[in-house]
Amino acid sequence: MEALEAILTRRSTRKYKDEAPDKEIIEKIIEAGRYAPSGSNSQSTHFFVITDKEVLNELSELVKTEFAKMEITEDTYISLKNSINAAKTGNYNFYYSAPVLIVTANRKGYGNAIADSACALENMMIAANALDLGSCWINQLHWLDENEAVRAFLQEKGIKEDETITGGLILGYPDTGMPNRIALERKGNPVTWI
Ligand SMILES: Cc1cc2nc3c(=O)[nH]c(=O)nc-3n(C[C@H](O)[C@H](O)[C@H](O)COP(=O)(O)O)c2cc1C
């Protein structure tokens, strides 16, 4: 698929087949993330690739438990509010049972941490679309970056104490076979030419 077509037809997928893509395909997608630009060429985004179903389930239960403990205030961001409400009902799976979760982390205190990781995540989502895989940005672990239990879990798996969780994505074969590529209408993102 041509690059611009892969960008313009990328959509978020939230229902996946159980079967994981072959490791070589996942590696191609990670390579697209690693080739993203980074501030001052820092190349400090750290990619954690989780395909172990047991680890994914354990993490999902932990995320649910920790969200369920949170209180909603009038300042709570809408998506976070939805996650907390869903977790409190007990019917919540932040990674939609996708076969692959890639978590990004970067150096704490590094000013381009989120920007660099966002470039990497977008590269990976476009690459996934070009390879007929579905993907979706998953932000819950970023929101829980300072949560003691989630940090302890992820640090045990290799995230370092001086790293901040910047975001993540899920990947896999869409349940429908091919990704939905119907573009959403653009009502926002204004453009001003000067
Ligand atoms: C920074 C960011 C955070 C997001 N977090 C989540 C998330 O945690 N869970 C989720 O299902 N989708 C998440 N999304 C996906 C958006 O909901 C989605 O991109 C948007 O609704 C537009 O739909 P599209 O990706 O199909 O074009 C996130 C997207 C971005 C860019």
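In this predicted model, the largest pocket encloses about 410 Å³ of space. Its lining is made up of 15 residues, of which Arg10, Arg11, Ser12, Leu184 and Arg186 are the closest to the centre of the pocket. Two or more lining residues are contributed by each of helix 1 (3-8), helix 5 (113-130) and strand 3 (134-137). By residue class, the lining of the largest pocket comprises 7 nonpolar, 2 polar and 6 charged residues.

The second largest pocket has a volume of about 260 Å³, and the residues closest to its centre, out of the 15 that line it, are Ser79, Ser83, Tyr96, Gln140 and Trp143. At least two lining residues come from each of helix 4 (78-89), strand 3 and helix 6 (140-143), with helix 4 giving the most, namely 3 residues. The lining of this second largest pocket divides into 8 nonpolar, 6 polar and 1 charged. Strand 3 is thus named among the contributing elements of the largest pocket and again among those of the second largest pocket.

Of the residues closest to the centre of the second largest pocket, Ser79 was examined further. Ser79 belongs to helix 4 and, with a relative accessible area of 29%, is classed as partly exposed because this value falls between the limits of 20% for buried and 50% for exposed residues. Its C-alpha atom is separated by 13 Å from that of Leu141, a residue 62 positions away along the chain.

The ligand is surrounded by Arg10, Arg11, Ser12, Arg14, Tyr96, Cys136, Trp137, Ile138, Asn139, Gln140 and Leu184. This set includes Arg10, Arg11, Ser12 and Leu184, which are also listed among the residues closest to the centre of the largest pocket, as well as Tyr96 and Gln140, which are listed among those closest to the centre of the second largest pocket. Polar atoms of the protein approach oxygen atoms of the ligand from both side chains and backbone: a polar side-chain atom of Arg10 lies 2.9 Å from a ligand oxygen, and a polar side-chain atom of Arg14 lies 2.8 Å from a ligand oxygen, whereas for Asn139 a polar backbone atom is 3.0 Å from an oxygen atom of the ligand.

Enclosed space was also assessed, and 1 cavity of 30 Å³ or more is present in the structure. The largest cavity has a volume of about 40 Å³ and is lined by Thr9, Arg10, Arg11, Met125, Asn129, Leu133, Gly134, Ser135 and Pro179. Helix 5 and strand 3 are the elements that provide two or more residues of this lining, which consists of 3 nonpolar, 4 polar and 2 charged residues. Arg10 and Arg11 therefore appear in the lining of the largest cavity, since each has an atom within 4 Å of a cavity point, and both residues also belong to the surroundings of the ligand.

With regard to covalent cross-links, the structure holds 0 disulfides. The cysteine sulfur closest to that of Cys119 is in Cys136, and no bond is assigned because the separation of 18 Å is too far, the cut-off for a disulfide being 2.5 Å. Cys136 likewise takes part in no disulfide. The two cysteines are classed differently in accessibility, as Cys119 is partly exposed at 31% relative accessibility, while Cys136 is buried, with a relative accessible area of 3%. Cys136 is, in addition, one of the residues surrounding the ligand.

How values were computed:
Residues numbered from 1 in each chain as written. Predicted model: local features only at pLDDT ≥ 70, side-chain atom pairs only at ≥ 80, totals over all residues. Heavy atoms only, no water. 1 Å grid on protein atoms, 1.4 Å probe; cavity = no way out; pocket = protein on both sides within 12 Å on 5 of 7 lines; lining within 4 Å. Points joined across faces, edges and corners; volume = space filled by probe spheres on them. Helix = DSSP H or I, 4+ residues; strand = E, 2+ residues; numbered from the N terminus. Nonpolar A, V, L, I, M, F, W, Y, C, P; charged D, E, K, R; others polar. Buried < 20%, exposed > 50% of the residue type's maximum accessible area, 1.4 Å probe, protein only. Near = heavy atom within 4 Å. Polar contact = N/O pair within 3.5 Å; in protein donor to acceptor, adjacent residues only side chain to side chain.
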